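Visitor: I would like a close look at one part of this model, the way its helices pack. Please take me through it slowly, then show me what surrounds it.

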Amino acid sequence: MHTTIIIHPKYEYLRRFIEQLPDDFLQSGEYIHDGRNKIKKFVTQGLTVNVKRYRIPFFLNRLVYNRFRPTKAERAYEYALKLRGMNVNTPEPIAYIVRSSGGMLEYCYFISVQVAYPRRCYEFKDASLPAISSVITALAKYTAHLHHLGVYHKDYSPGNILFDEINGQWEFCLVDINRMEFRKVNMVKGCRNFARLWGSEDMFRLLAQEYGLARHFDQNECVRLVLKYRK
């Protein structure tokens, strides 16, 4: 068994905790999500951290990730550093761990500081438009800003956009960021990015109009594209 551990210099003081994670993960901590990938919350030295353990990939990918491509944990760590360097809000990265055996990837882990954004976009599914119009407008402008920066979250889904109202302003935070692109985002690609969100047709119309307005695109064409990809 070979283990690679990369720790941000700021969090070197957590090394002992991090080194023990592969052995302690299942027996300690509190589950946040228990699925193919598992996410747990830990409190160590007064700091609350989230640890995501990615499932063991299929056979071929176990070889590919171990030798030719960065693992999901490594990408999550590097992308978090890149996003925060661009002033895009995402949980602060602490470390990542990659374990392999016989030249094949086993589990990998991404460790980050827990953020206090309690709300997710799932709540838009059955909400009336008047009740959520302000946050939808803010989300459209936020997404337009990401795309203007060349930031494209390939899994822009309800559970991966955290938000809350702070001091009268809507704030957003991106999570599950191992699938990202950093390149120019045109109108078609930008409108397609909303396809995995939940909500009414009226909500998507408002989202498209405000997105088009923020990016100086034709608003009617944005509505057409967003509704097309929503289907």
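Guide: What follows is a walk through the helix packing, then the salt bridges, one strand residue and two loop residues. Keep in mind that this is a predicted model.

Start with helix 6, which covers residues 201-215. Its partner here is helix 7, residues 219-230. The two pack at an angle of about 135 degrees. Their axes are 8 Å apart. Angles over 145 degrees would count as roughly antiparallel, and those from 65 to 115 as roughly perpendicular. Helix 6 and helix 7 are therefore oblique to each other. The crossing of helix 6 past helix 7 is right-handed.

Now look at who touches whom. Helix 6 brings Glu-201, Phe-204, Arg-205, Ala-208, Gln-209, Tyr-211, Gly-212 and Leu-213 to this contact. From helix 7 come Gln-219, Cys-222, Val-223, Val-226, Leu-227 and Arg-230. Sorted by class, the contact of helix 6 with helix 7 has eight nonpolar residues, three polar ones and three charged ones.

Helix 6 also packs with helix 4, residues 129-149. The angle here is about 40 degrees, and the axes are again 8 Å apart. Roughly parallel would need an angle under 35 degrees. That makes helix 4 oblique to helix 6. Helix 4 passes helix 6 in a right-handed crossing too.

Which residues of helix 4 meet helix 6? They are Leu-129, Ile-132, Ser-133, Ile-136, Thr-137, Leu-139, Ala-140, Lys-141, Thr-143, Ala-144, His-147 and His-148. Helix 6 answers with Asp-202, Met-203, Leu-206, Leu-207, Glu-210, Tyr-211, Ala-214 and Arg-215. By class, the contact of helix 4 with helix 6 has 11 nonpolar, five polar and four charged residues. Find Tyr-211 in the structure. Tyr-211 belongs to the contact with helix 7, and Tyr-211 also belongs to the contact with helix 4.

Leu-139 of helix 4 leads us onward. Leu-139 touches Ile-161, and Ile-161 sits in strand 9, residues 161-166. Ile-161 is buried, with a relative accessible area of 0%. Its other contacts include Arg-119, Arg-120, Cys-121 and Tyr-156. Phe-172, Cys-173 and Leu-197 touch Ile-161 as well. Thr-90 is 71 residues from Ile-161 along the chain, yet their C-alpha atoms are separated by 9.7 Å.

Next, charges. Side chains of opposite charge can pair when their charged atoms come close. The count for this model comes to 14 salt bridges. Take one inside helix 7. Glu-221 pairs with Arg-224, and their closest N and O atoms are 2.7 Å apart. Both residues lie in helix 7, three residues apart, about one turn of the helix. Glu-221 is partly exposed, at a relative accessible area of 25%. Arg-224 is partly exposed too, at 44%.

Some bridges share partners. Lys-154, Glu-181, Arg-183 and Lys-189 are joined in this way into one network. Within this network, Glu-181 forms a salt bridge with Lys-189, with the closest N and O atoms 3.2 Å apart. Glu-181 and Lys-189 are both buried.

Another bridge spans a long stretch of sequence. Glu-92 forms a salt bridge with Lys-10, and the closest N and O atoms are 3.0 Å apart. Glu-92 lies in the loop between helix 3 (72-85) and strand 5 (93-101), and Lys-10 in the loop between strand 1 (2-7) and helix 1 (15-24), so the pair ties together parts that are 82 residues apart in sequence. Is Glu-92 buried or exposed? Glu-92 is buried, with a relative accessible area of 18%. Lys-10 is partly exposed, at 49% relative accessibility.

Finish with the backbone. Most residues other than glycine have a negative phi. Asn-167 has a positive phi, near 55 degrees. Asn-167 is found in the loop between strand 9 and strand 10 (169-174). Asn-167 is exposed, with a relative accessible area of 78%. Asp-176 also has a positive phi near 55 degrees. Asp-176 is found in the loop between strand 10 and strand 11 (180-182). Asp-176 counts as partly exposed, at 26% relative accessibility.

Notes. Residues numbered from 1 in each chain as written. Predicted model: local features only at pLDDT ≥ 70, side-chain atom pairs only at ≥ 80, totals over all residues. Heavy atoms only, no water. Axes fitted to C-alpha atoms, helices over the stretch in contact; angles between N-to-C directions. Helix = DSSP H or I, 4+ residues; strand = E, 2+ residues; numbered from the N terminus. Left-handed = near helix turned anticlockwise from the far one by under 90°. Contact = heavy atoms within 4.5 Å. Nonpolar A, V, L, I, M, F, W, Y, C, P; charged D, E, K, R; others polar. Salt bridge = Lys/Arg side-chain N within 4 Å of Asp/Glu carboxyl O. Buried < 20%, exposed > 50% of the residue type's maximum accessible area, 1.4 Å probe, protein only. Lists of a residue's contacts leave out its neighbours within four places in sequence.
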